[in-house]
Amino acid sequence: ITEAVLGKGGFGQVWKAQWQGRAVAVKELFSSESSTEATQKFLSFQKEVAVMTVLQHPNLLCLYGIMLQPLRMVLG
């Protein structure tokens, strides 16, 4: 259940949500009309995920998982 937008940037926005009774942050990438731009955004997202899987620190968010399909496609 999404609650509020926490922030917005060039690639997308971050929502505050609840997952398994925990407050979590959900990053939603903006869709792009240019396939080149979409590919660049996805490659950048992949790098971010790779970094988040190895970093562990009390002041950093934990990565619980990723979803490669838009939620509306999964639910619809």
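1. A good place to start is Gly 12, which, setting aside neighbours within four places in sequence, is in contact with Glu 28, Leu 29 and Phe 30. Contact here means heavy atoms within 4.5 Å. Gly 12 belongs to strand β2, and its C-alpha atom is 4.6 Å from that of Phe 30, a residue 18 positions away in sequence. With a relative accessibility of 8%, Gly 12 counts as buried. The cut-offs are under 20% relative accessible area for buried, over 50% for exposed, and partly exposed in between (1.4 Å probe, protein chains only).

2. A word on the background before going further. This is a predicted model, in which local features need pLDDT of at least 70 and side-chain atom pairs count only at pLDDT 80 or more, while totals for chains, interfaces and linings use all residues. Residues are numbered from 1 along each chain as its sequence is written, and side-chain values use heavy atoms, with hydrogens and water left out.

3. Now the overall layout. The chain has 2 helices and 3 strands, and from the N terminus on the order is β-β-β-α-α. Helices (H or I, at least four residues) and strands (E, at least two) are DSSP runs, numbered from the N terminus. Of the 76 residues in the chain, 9% are buried. The accessible surface of the chain is about 6,400 Å², and carbon and sulfur atoms hold 58% of that surface. Such areas come from the Shrake-Rupley method with a 1.4 Å probe; for residues, only the protein chains shown count as cover. Among contacts in the chain with a separation of 6 or more, 13% are between residues 24 or more positions apart.

4. How do β2 and β3 pair, and over how many bridges? Strand β2 and strand β3 (residues 22-29) run antiparallel to each other over 8 bridges. For two strands to pair, DSSP must find at least two bridges between them. One of the partnerships joins Trp 15 to Val 26 in β3.

5. The turn of this hairpin deserves a look. There are 2 residues between the strands β2 and β3, and Gln 20 takes a positive phi near 50° in this hairpin. Gln 20 sits in the loop between β2 and β3, and its phi is positive although Gln 20 is not a glycine. As background, most residues other than glycine have a negative phi. Gln 20 is exposed because its relative accessibility is 63%.

6. Back in strand β2, Gln 13 has a wide list of partners. Not counting residues up to four places away in sequence, Gln 13 touches Val 5, Gly 7, Lys 8, Val 26, Lys 27, Glu 28 and Phe 30. Is Gln 13 buried or exposed? Gln 13 counts as buried, because its relative accessible area is 12%.

7. Ala 17 is another residue of strand β2. Its relative accessibility is 4%, so Ala 17 counts as buried. The C-alpha atom of Ala 17 is 7.4 Å from that of Ala 4, which is 13 residues away along the chain.

8. How many aromatic pairs does a search of the whole structure find? The search finds 1. The pair is formed by Trp 19 and Tyr 64, with 5.3 Å centre to centre and 45° between the planes, and it is tilted. The rule is that rings of Phe, Tyr and Trp (its six-membered ring) pair if their centres lie within 6.5 Å; planes under 30 degrees apart count as stacked, over 60 as edge-to-face and the rest as tilted. This pair links distant parts of the chain, with Trp 19 in strand β2 (residues 12-19) and Tyr 64 in the loop between α1 and α2, 45 residues apart. Trp 19 is partly exposed at 39% relative accessibility, and Tyr 64 is partly exposed at 44%.

9. Finally, the surface around the helices. Phe 42, Leu 63, Ile 66 and Leu 68 make a nonpolar surface patch of about 370 Å². Patches are made of residues with over 30% relative accessible area and no salt bridge, where like charges are joined within 9 Å and nonpolar side chains (Val, Leu, Ile, Met, Phe, Trp, Tyr) within 5 Å. A salt bridge is a side-chain nitrogen of Lys or Arg within 4 Å of a carboxyl oxygen of Asp or Glu. Ile 66 is placed in the loop between α1 (35-54) and α2 (71-75), and it is partly exposed, with 46% relative accessible area. Val 51 lies in helix α1, and its C-alpha atom is separated from that of Leu 63 by 9.9 Å.
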